[in-house]
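Q: Please go through this structure with me. I would like the reasoning behind each label.

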Amino acid sequence: MEYKGIYWTVFSPLIKKSIAGRYSNALAEKAIQKGKKEYKGLLSRADELGKGNPMAMNAYFAYVFAAAWLGTNKEITPAGMGEVMTDVLTSPLLKTFFGMTDINTAKGETKWYRDMKKYEAWYEKNKNVYPVNWVVHFDESRHRDGSFYYFTRCPICEFCKREGIEELMPALCATDEVMFRLQHGRLHREHTLARSEGECDYWIVGDKVSDPQ
């Protein structure tokens, strides 16, 4: 993947603050100092996802956290790193950013739905050039409320397994639930590719729906 330092620049201070608060300043400093090199290394080995890919930012986001975790020499457990990820996502900056989206509005008007449809169209045009990518399927007949889609391929999952850091995947997957909660929604999920269950399913419903069907 192309190196993009903006993701490290934005997220590393938030990661450092969380690790310092939960563990120690020394470990936080180690995570960032060694993590930056790890981040560059991960990107140099990651599959190219394609310019203009609306989903690419998800990979950059994941690899920042993976790099910081590797920077600690895995002194933090995967579950502990999941708590760090939650701290970052619920920081004032990102909480405000995600809170600008309200999943309770009509599904076609929400940012996440537009972005996923945009990615679906992008992948259809570019799948032969960039085959290692998310493969997304929509099924609007599955539920009356909200929207449902699922992935049958995830490049982040595949890359983490190839790098020998697949134990971090459950924590990375769990960030989806946090993100949608910040967008006034709820994620209902039964399967993940990280658990070798064939798909990652997303049934997303606004948090004002009391009995989703």
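Q: What makes H3 largely enclosed by the rest of the structure?
A: In this predicted model, 14 of the 16 residues of H3 are buried, so the helix is largely enclosed by the rest of the structure. Buried means under 20% relative accessible area, exposed over 50%, and partly exposed in between (1.4 Å probe, protein chains only). Helices (H or I, at least four residues) and strands (E, at least two) are DSSP runs, numbered from the N terminus.

Q: How do you know that the span of H3 agrees with its 16 residues?
A: The expected span is 1.5 Å times one less than the number of residues. For H3 that gives 22 Å, and its end C-alpha atoms are 23 Å apart, so the two agree. After H3 comes Asn 73, with a positive phi near 60 degrees.

Q: What is the largest nonpolar core, and which helix gives the largest share of it?
A: The core has 69 residues. Ile 15, Tyr 63, Met 81, Tyr 149 and Ile 156 have the most contacts inside it. Helix H3 (residues 56–71) supplies the largest share, 13 residues. Such a core is a set of buried Ala, Val, Leu, Ile, Met, Phe, Trp, Tyr and Cys residues joined through side-chain atoms within 4.5 Å.

Q: Which residues does Tyr 63 contact, leaving aside neighbours within four places in sequence?
A: Contact means heavy atoms within 4.5 Å. The partners of Tyr 63 include Met 1, Tyr 39, Leu 42, Pro 155, Ile 156 and Phe 159.

Q: Why is Tyr 149 called buried?
A: Its relative accessibility is 3%, so Tyr 149 counts as buried. Tyr 149 sits in strand S2 (residues 147–153). Beyond neighbours within four places in sequence, its contacts include Trp 112, Phe 138, Phe 180 and Tyr 202.

Q: Is Leu 93 buried or exposed?
A: Leu 93 has a relative accessible area of 52%, so it is exposed. Leu 93 belongs to helix H5 (residues 92–99).

Q: How do you know that the span of H8 is close to the one expected?
A: Helix H8 (residues 169–182) has 14 residues and reaches 21 Å from first C-alpha to last, against 20 Å expected. Its buried residues include Met 169, Leu 172, Val 178 and Phe 180. His 184 follows H8, with a positive phi near 65 degrees.

Q: What do the numbering and the values rest on?
A: Residues are numbered from 1 along each chain as its sequence is written, and side-chain values use heavy atoms, without hydrogens and water. Local features need pLDDT of at least 70 and side-chain atom pairs count only at pLDDT 80 or more, while totals for chains, interfaces and linings use all residues.
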